[in-house]
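My notebook is open, and the plan is to look up a few places one by one. Here is the model I am reading.

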Amino acid sequence: MRRAAVAIAAGAMAVSLAACGSAEEAGGGKDSTASSAKKGDDIKVGLLLPENQTARYEKFDRPLIEEKIKELTNGKATVDYNNAKQDANLQAQQVDTMITNKVDVLILDAVDAKAIKNSVQKAVDAGIKVVAYDRLAEGPISAYTSFDNVEVGKTQGTALLEALGDKAKDGQIVMMNGSVTDPNAAMFKKGAHEALDGKVKVGKEYDTKEWKPENANANMEAAISALGKKKIVGVYSANDGMAGGIITALKAAGIDVPVTGQDAELAAVQRIIAGEQFMSVYKPYAPEASAAAEMAVALAQGKSLDSIAKDKVDSDSAKGVPSVLVPVTSLTKDNVNDTVIKDGVYTADEICTGKYKAACTELKIG
């Protein structure tokens, strides 16, 4: 696997981006922002994140967004925060609370992108603009920021093929996709299939309920039983949490094959340097969080997004949504220093604990 990062030009996302479509349709164009009452730095921002099983949301996204909002408003803005803990009904109630609390703008990472549509409409009807964060929520959102999610899947699929080499023709892979309630999961799957189809046989494929590692573990056990452990040459896992559950099932069956991932979780980075997981997709959260904060503050203050959002994305219910798409990197044991350590996500001491020290020394991590 080469060290090169998979850098994506944000405007190259052929499937999700739409060069056409009016900004007015998205609710965040010049007309809608120009008509908003101008406000100063004393604003109230609502922040709703989807779950706390994945380490990123509480460790990175929340503090990064809050810090950037404070920076942009000279410390005068307040942030109302809630985590839905993977409960779509709870998140709908949290939107209602944000409306009651009269936030000026809402940053929303939806548990269920379709189910949240009515809540988004209620917020907009109450005069609250909505920034869809990380997942493209349905409804009249005013802005969106995430990663090029089709390219994420391609990055994973391409890495798996490189890890397999000639073995790609010797057996079958198992595909462990994410939750059907997450529109990102569909894009990851699409990108992965674009990379993998015709080059390797998919023996079993699953959509994993709620992205839970225990569900991925159960699915992997079922795949091993159905296919036989000698037939499986690799596993596409859409994220790191599921990869952990998958690897547990593989170890129990005595199978050692390359497994992909996403999110560069600490446990995954450790598995990568130990040779248990082949790769992860490193998504730098700082620029994504910064973009969300910048768009939210601008919308709350009645300003245009033209200088912030250079892309346009279509959802099923909004066209030409002003968007910021952030590039991603394929993380392997060869570029740990150049990614998560260089960006300050983890220190070498955090990664190189106990049984990982020898591998870190060999890979010159730190």
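**Entry 1: a loop residue.** I began with Ser179, which sits in the loop between β6 and α7; helices here are DSSP runs of H or I with at least four residues, strands are runs of E with at least two, and both are numbered from the N terminus. Before going further I noted that this is a predicted model, where local features need pLDDT of at least 70, side-chain atom pairs count only at pLDDT 80 or more, and totals for chains, interfaces and linings use all residues. Residues are numbered from 1 along each chain as its sequence is written, and side-chain values use heavy atoms, with hydrogens and water left out.

Is Ser179 buried or exposed? Ser179 counts as buried because its relative accessibility is 5%; buried means under 20% relative accessible area, exposed over 50% and partly exposed in between, with a 1.4 Å probe and protein chains only. Leaving aside neighbours within four places in sequence, I found Ser179 in contact with Ala185, Thr208, Glu210 and Trp211, where contact means heavy atoms within 4.5 Å. I also looked up Val111, 68 residues away along the chain from Ser179, and the two C-alpha atoms are 10.0 Å apart.

**Entry 2: positive phi.** One of those partners, Glu210, caught my eye, with a phi near 60°, a positive value in a residue other than glycine. Most residues other than glycine have a negative phi. Glu210 belongs to the loop between β7 (201–207) and α8 (213–227), and at 26% relative accessibility it is partly exposed. Lys364 also has a positive phi, near 55°. Lys364 follows α14 (357–363) and is exposed, at 68% relative accessibility.

**Entry 3: strand β6.** Next I went to Met176, in strand β6, which is buried with a relative accessible area of 0%. Not counting residues up to four places away in sequence, Met176 touches ten-odd places I could click through, including Tyr206, Thr208, Met220, Tyr236, Ala238 and Ile246. The C-alpha atoms of Met176 and Ala238 are 6.2 Å apart, with their positions 62 residues apart along the chain.

**Entry 4: cores.** Which residues touch the most other members of the largest nonpolar core? They are Val174, Met220, Val235, Ile246, Leu250, Val340 and Ile351, out of 59 residues; a nonpolar core is a set of buried Ala, Val, Leu, Ile, Met, Phe, Trp, Tyr and Cys residues joined through side-chain atoms within 4.5 Å. Elements that each supply at least two residues of this core include α6 (149–164), β6 (172–177), α8 and β8 (232–237). Its largest share, six residues, comes from α9. Apart from this core lies another, of 29 residues, with Ile43, Ala289, Ala292 and Ala300 among them.

**Entry 5: a helix pair.** I then checked α4 (residues 88–100) against α5 (residues 117–125): their axes come within 9 Å and cross at roughly 5°. I count the pair as roughly parallel, the word for angles under 35 degrees. Ala92, Val95, Asp96 and Ile99 in α4 meet Ser119, Lys122 and Ala123 in α5.

**Entry 6: whole chain.** I closed with totals: the chain has 14 helices and 12 strands, and 56% of its 366 residues are buried.

Key
Axes fitted to C-alpha atoms, helices over the stretch in contact; angles between N-to-C directions. Parallel < 35°, antiparallel > 145°, perpendicular 65-115°, else oblique.
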